[in-house]
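Let's take a walk through this structure together, one feature at a time. Have the 3D view open and turn it as you read.

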Amino acid sequence: MRLDLFSDVADLTAAIVDIESVSGAEGPLADAVEEALRALPHLAVERDGNNVIARTDLGRAERVVLAGHLDTVPLNGNLPSRMEGDRLYGCGTTDMKSGVAVALRLAATVAEPTRDVTFVFYECEEIEAERNGLRRLAATRPELLAGDFAVLMEPTGAHIEGGCQGTMRIEVTAKGERAHSARAWMGSNAIHTAGRILDVLRSYEPTRPVVDGLEYHEGLNAVFIQGGVAGNVIPDECVVTVNYRFAPDKSLAEAEAYLREVFDGFDVKVTDAASAARPGLTHPAAAAFVSSVASGGTEVRAKLGWTDVARFAELGVPAVNYGPGEPTLAHTRDEYVEMPLIAACEQRLRTWLTIPDA
């Protein structure tokens, strides 16, 4: 399983897609990436589990990070890859092996960039956060992720998506009192009381905060509901799990305070949370990236979801999402990537890394 980093980026994408790398089984692909990068004399390469990190060390005034995950969701009858017209189909084509291919091509063919570059290829992004390879590096080897600016090669349809939304899941509990259903008036039905929680959600009007010039779209939705004891018992508890997607103008503490206010009168328990990340587009390195890449119809828009740019934000590194894949196709059986978008992303990033700022 060898990768030719000097081959056409479309052919390289297909080769990477055809090395199966479902989360937790990235070893063969990480091996191939490491072998290919170690053959390049201008890069210093390190391996950490199934994370592969390659760095230039040219003493440039600025260092930027290009990062992409190696893993995919489980297969769904969509390997090996296949080409139909300008579309490459297969598991991981859009999320995000086409982005990985672009970064690998740049690592191989831009030996003397105008900025020092750190390339990070990491494991276990598609599963629980505890196993995320970028998370581990941020905790144990943060110096490897240091930089003035970072680009996460997430699928964006070749548009720039700044920052990311935060996410928080809470359990909102309605309390009642058990009774025999034949004598319901002797108890208090928690499921009925939970209707007030659903009323709050139905009446919620999403806010659209503008952060660093980009408009985000918040969301508050029930994602699970559970309650009930038996077919003849009035339930004494009903739990509604709510997911809140919030803009990067709020911290985790502010998001939690907001939810406790919204569901005042109910027990609220936070079960999962991840910080949002500001776009940071006012940073000089970020502004230079946008100026170089945002051409030919490329939009600059808010990331309406959570991505690992938040991990860079926690390290004080402004970051954006930018990659050739189409985000709405991620994780689908018929996932594909448009070949012209891969080439366009490669060329735009090559220009950014090789032409000095005006």
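Start with two helices: α1, residues 9–17, and α3, residues 93–109, whose axes come within 9 Å and cross at roughly 125 degrees. Before going further, keep in mind that this is a predicted model. In general, two packed helices are described by the angle between their axes and the distance between the axes, and you now have both values for this pair. What do we call this arrangement? An angle over 145 degrees would count as roughly antiparallel and 65 to 115 as roughly perpendicular; α1 and α3 fall in neither group, so they are oblique to each other. As for handedness, α1 passes α3 in a right-handed crossing.

Stay with α3 for a moment, as there's a backbone detail to look at. The peptide bond running from D95 to M96 is cis, and its omega is near -5 degrees. M96 itself is found in helix α3. Another cis peptide bond links L79 to P80, with omega at about 0 degrees. Where does P80 sit? Look in the loop between β3 (63–69) and β4 (82–84).

Now for the sheet. Strands of a sheet pair through backbone hydrogen bonds, either parallel or antiparallel. Here, four strands make up an open sheet, in the order β13-β15-β9-β16, and the pairing is antiparallel. β13 (219–227) and β16 (267–274) are the edge strands; each has a single partner, so one side of each is left without a neighbour in the sheet. From one strand to the next, the twist averages 20 degrees. To see one pairing up close, find β9, residues 166–175: this strand and β16 pair in the antiparallel sense over seven bridges. Within that pairing, T167 stands opposite A274 in β16.

Next, the cysteines. How many disulfides does the structure hold? Zero. Take C124, which is in no disulfide: the nearest cysteine sulfur belongs to C91 and is 14 Å away. A disulfide needs the two sulfur atoms within 2.5 Å. C124 also counts as buried, because its relative accessibility is 3%. C238 counts as buried too, at 2% relative accessibility.

C124 has one more thing to show you: a positive phi of about 60 degrees, although this residue is not a glycine. You'll find C124 in the loop between β6 (116–122) and α4 (133–140). H331 has a positive phi as well, near 75 degrees, and is likewise a residue other than glycine. Its place is the loop between β18 (319–321) and β19 (336–338). Is H331 buried or partly exposed? With 45% relative accessibility, H331 counts as partly exposed.

Finish at helix α10, which covers residues 339–354. This helix has 16 residues and reaches 23 Å from its first C-alpha to its last, close to the 22 Å expected at 1.5 Å a residue. An α-helix has 3.6 residues a turn, so residues three or four places apart point the same way. With that in mind, pick out the buried residues of α10: M339, I342, C345, E346, R348, L349, R350, W352 and L353.

Notes
Residues numbered from 1 in each chain as written. Predicted model: local features only at pLDDT ≥ 70, side-chain atom pairs only at ≥ 80, totals over all residues. Heavy atoms only, no water. Pairing = 2+ DSSP bridges. Axes fitted to C-alpha atoms, helices over the stretch in contact; angles between N-to-C directions. Buried < 20%, exposed > 50% of the residue type's maximum accessible area, 1.4 Å probe, protein only. Expected span 1.5 Å × (residues − 1). Parallel < 35°, antiparallel > 145°, perpendicular 65-115°, else oblique. Left-handed = near helix turned anticlockwise from the far one by under 90°.
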